[in-house]
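Here's a walk through a structure, taken one piece at a time. Keep the 3D view open and follow along.

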There are 2 protein chains.
Amino acid sequence: MKKITIEDVAKRAKVSKGTVSAVINAKTSVKPATRDHILEVMKELNFRPRGMAMNLKNGNLDKSIGIILKDINYPFYTSIALGVSKYANSKGYSVVVASSNDSHECEKKLTHLFSAKDIKGVIIAPVVEGTAEIEHLFRLKMINYPFVLLEDVKGIQANVVAIDNKNAIKQAVAYLIENGHKNIVHFAGPPQSSHTQERIEGFRHAFSESSLIFRDEMIVSIGSDFDECFKKTKDYFKNLHTEDYPTAIVCFNDHQALAVILALKELSIKVPDDISIIGNDDIYYARIYPVPLTTIRTPQHEIGIKAAEILIRAIESPTLVSLERVFLSTEFIVRESSKIIKTPSLQKAN
Amino acid sequence: MKKITIEDVAKRAKVSKGTVSAVINAKTSVKPATRDHILEVMKELNFRPRGMAMNLKNGNLDKSIGIILKDINYPFYTSIALGVSKYANSKGYSVVVASSNDSHECEKKLTHLFSAKDIKGVIIAPVVEGTAEIEHLFRLKMINYPFVLLEDVKGIQANVVAIDNKNAIKQAVAYLIENGHKNIVHFAGPPQSSHTQERIEGFRHAFSESSLIFRDEMIVSIGSDFDECFKKTKDYFKNLHTEDYPTAIVCFNDHQALAVILALKELSIKVPDDISIIGNDDIYYARIYPVPLTTIRTPQHEIGIKAAEILIRAIESPTLVSLERVFLSTEFIVRESSKIIKTPSLQKAN
DNA sequence: ATCTCTTATTGAATCGATTCAATAATTTGT
DNA sequence: ACAAATTATTGAATCGATTCAATAAGAGAT
């Protein structure tokens, strides 16, 4: 099946290409009769004008940026997208979002797509599971395509807006220890995720800076899929004597924390009376949960705004080549899913 | 500031356009020394190849479709996007998502953007607040651009995949009446939303088919913004004598229902013992809530799959012009936020 | 040093629309 | 009925890349 071009339409309608073009672009100069006839022919031939060709002549005026997220169904990411949209729209940019579903292959495809479509730049929450593959990022650099990463990726110099994962968890654990918790465990995320590793390290580090000592059993592999978390949490407690129950669980993320709370409910373990639960991320639903979640807030909105700001600057000032690396701080938010076991001992000011 | 083209690079590097093109496309035939030199010049001039021009020559091979949602932060919509992605990816299509934020202006801009970028087709959850503006949809028809609507829009013939809102609510109310509820109210959504109106009508209709009679006070305008719902719910009950409390509230959507449950908790009204709460949509969080939500499930995943299926068929079989209109049925899902007041009376089978 | 055989590079033609000055057709005024 | 004014239509040049056959440069063999 041959491709239909504006020329085919022009021939069939016995007019010039220029007139057909005028009809497509709703120019008023076309006589209604001609116009109707051309529209009919367009329909007959099922003519779909090529957007690429249309835009080539006039430069490429639209303002648009893209975001590639790992999971469009996790509110954490859509909140970032909201921040991006807010800033971008205020600067006249449209925003398109795509989900890489944690697949390198998909992320690569999407960066190609965005650049090929002359989307002006892209913000990427990069997939870094396993060995990070970054040739596609190098390609973007080669073609001087502006992009901002939402996670520091080893091996490439780029604009980055991110948070300090390790320190975030440390904050939380330090708080628990400070408030009298002694038996604390970390429910770790999916083994292949880089975040999982970072958070485990943060957890260990908090212990090394305290009077308590770290033991390997404190790290429990739970994952982040809801049903899996739910099941593994129940299994964990079934294999434990009541007197060995931890007094606090630091979760991989809020989603996992929600699953854990639900599992505990089924086991008739009270949150926070029996066990304190600490989330991570502060997704929208953490706040509106019946047991509002104590969590480590990552400033999703601000990340989005900052990333958009850097991206648009890179797009609009092509001469400015300096890279920006911004690390935003997390905030520990105490809500109702955690409690204090004893008031902290007085400390010397410092 | 002048636009840099491949020709500028070629001149500066003292090679032909063909060689520069070969470098950009990572062709192996280029001698490393030449290649490096050209890359340097590209960097110097900050040359960004125009994707449009690149694609013009070879046709436009990529497979991609778009989705325009009203709110990328409401899980209902991202679940639809997930369904779309699933089907589209299986057919080799990439998916890009955009949020219209309930703005006609934005929706229009985005349809332009997608068609201009030669995204092959688009699925639209159309904004229909106020007077639906649909000239942009007519434009899509004119250029024979394939699209599928996720809501029936008056005044235009198009592919549609949707559900029957009115009937969905009717189902729920009928269930409540059947199970002994007599004092039922509907917490309506934002006044300007078309869904709000449809759901109110469904609610009334359910009454007209029962032995109970409808009264205007049964419709309470609550909205769907979380904080607003929360506040208005509390106000509603504060102005009500305890003996006048409804035994069941049919909510506009799950999000509202969650806000209502939280407000009731603060008022020490027990769900479902004192009041049954019925949601609408069955978002992901409805299921994993500590009081799992009784709700009217809209098959989000299936909607996405069906819409993608129709869209891709329209893209790939341009001659097939027949329009499809699919209405999927909702399912009433009883979970723990509602209870039966008395067992239903025996009925004649039919 | 010369002739092959590879390997690199060139550049004119091409993709499919838009543009706009030139020209044709139609309407208006007298 | 004719000139002038207005409105519609034409078509060659253009946008910025890719392509690929033709050609040039470099490597190896004698």
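**Starting from a pair of strands**

Let's begin in chain A, where strand β6 (residues 184–188) and strand β8 (residues 248–251) run parallel and are joined by four bridges. Bear in mind as you look that this is a predicted model. Two of the pairings are handy to find on screen: A:Ile184 has A:Ala248 of β8(A) as its bridge partner, while A:Phe187 is matched with A:Cys251 in β8(A). Helix α9 (residues 194–208) of chain A packs on this sheet, touching β6, β7 and β8 of chain A. The direction of helix α9 makes about 170° with that of β6(A).

β6(A) has another partner too. Three bridges join β6(A) to β7(A), and this pair also runs parallel. Here A:Ala188 has A:Ser221 of β7(A) as its bridge partner.

Now step back to the whole sheet. What is the order of its strands? Reading across, it goes β7-β6-β8-β9 in chain A, an open sheet of four strands with parallel pairing. β7 (219–221) and β9 (276–278) of chain A stand at the edges with a single partner strand each, so one side of each has no neighbour in the sheet. From one strand to the next, the twist averages 25°.

So is β6(A) buried or exposed? Five of its five residues are buried, so β6(A) is largely enclosed by the rest of the structure. In a regular strand, side chains alternate between the two faces of the sheet. You can trace both sides here: A:Ile184, A:His186 and A:Ala188 lie on one, A:Val185 and A:Phe187 on the other, and all are buried.

Another strand is worth a look for the same kind of reason. In strand β1 (residues 64–69) of chain A, six of the six residues are buried, so this strand is largely enclosed by the rest of the structure as well. A:Ser64, A:Gly66 and A:Ile68 point one way, and A:Ile65, A:Ile67 and A:Leu69 point the other way, all of them buried. β1(A) runs parallel to β2(A), with six bridges joining them. One of the pairings puts A:Ile68 opposite A:Ala98 in β2(A).

Zooming out to the chain, you'll find 13 helices and twelve strands in chain A. Buried residues make up 45% of its 350 residues. Of the chain A contacts with a separation of 6 or more, 73% are between residues 24 or more positions apart. As for overall shape, the C-alpha atoms of chain A fill a box of roughly 90 × 45 × 35 Å along the principal axes. The radius of gyration is 27 Å for chain A, whereas a compact globule of 350 residues would have one near 20 Å.

Finally, bring in the second chain. A turn of 180° with a shift of 0.0 Å along the axis lays chain A on chain B, with an RMSD of 0.1 Å. That's the relation of a two-fold axis. Where the chains meet, 51 residues of chain A are in contact with 51 residues of chain B. On the chain A side, α3 (32–45), α4 (51–57), α5 (75–90), β2 (94–99), α6 (104–116) and α11 (254–266) each supply at least two residues. By type, the residues of that side divide into 30 nonpolar, 14 polar and seven charged. And 100% of the interface residues of chain A are also interface residues in chain B, so the copies meet through the same surface.

Conventions:
Residues are numbered from 1 along each chain as its sequence is written. Chains are lettered from A and ligands numbered from 1 in the order in which they are written. This is a predicted model: local features need pLDDT of at least 70, side-chain atom pairs count only at pLDDT 80 or more; totals for chains, interfaces and linings use all residues. Copies are superposed by least squares on the C-alpha atoms of residues with pLDDT of at least 70 in both. Two residues are in contact if their C-beta atoms, placed from the backbone, lie within 7 Å. The radius of gyration is taken over C-alpha atoms; the globule rule is 2.2 Å times the number of residues to the power 0.38. A residue is buried if 20 or more other C-beta atoms lie within 10 Å of its own, exposed if 12 or fewer, and partly exposed in between; C-beta atoms are placed from the backbone. Two strands pair if DSSP finds at least two bridges between them. Axes are lines fitted to C-alpha atoms, for helices over the stretch in contact, and angles run from 0 to 180 degrees between N-to-C directions. Ala, Val, Leu, Ile, Met, Phe, Trp, Tyr, Cys and Pro count as nonpolar, Asp, Glu, Lys and Arg as charged, and the others, Gly among them, as polar.
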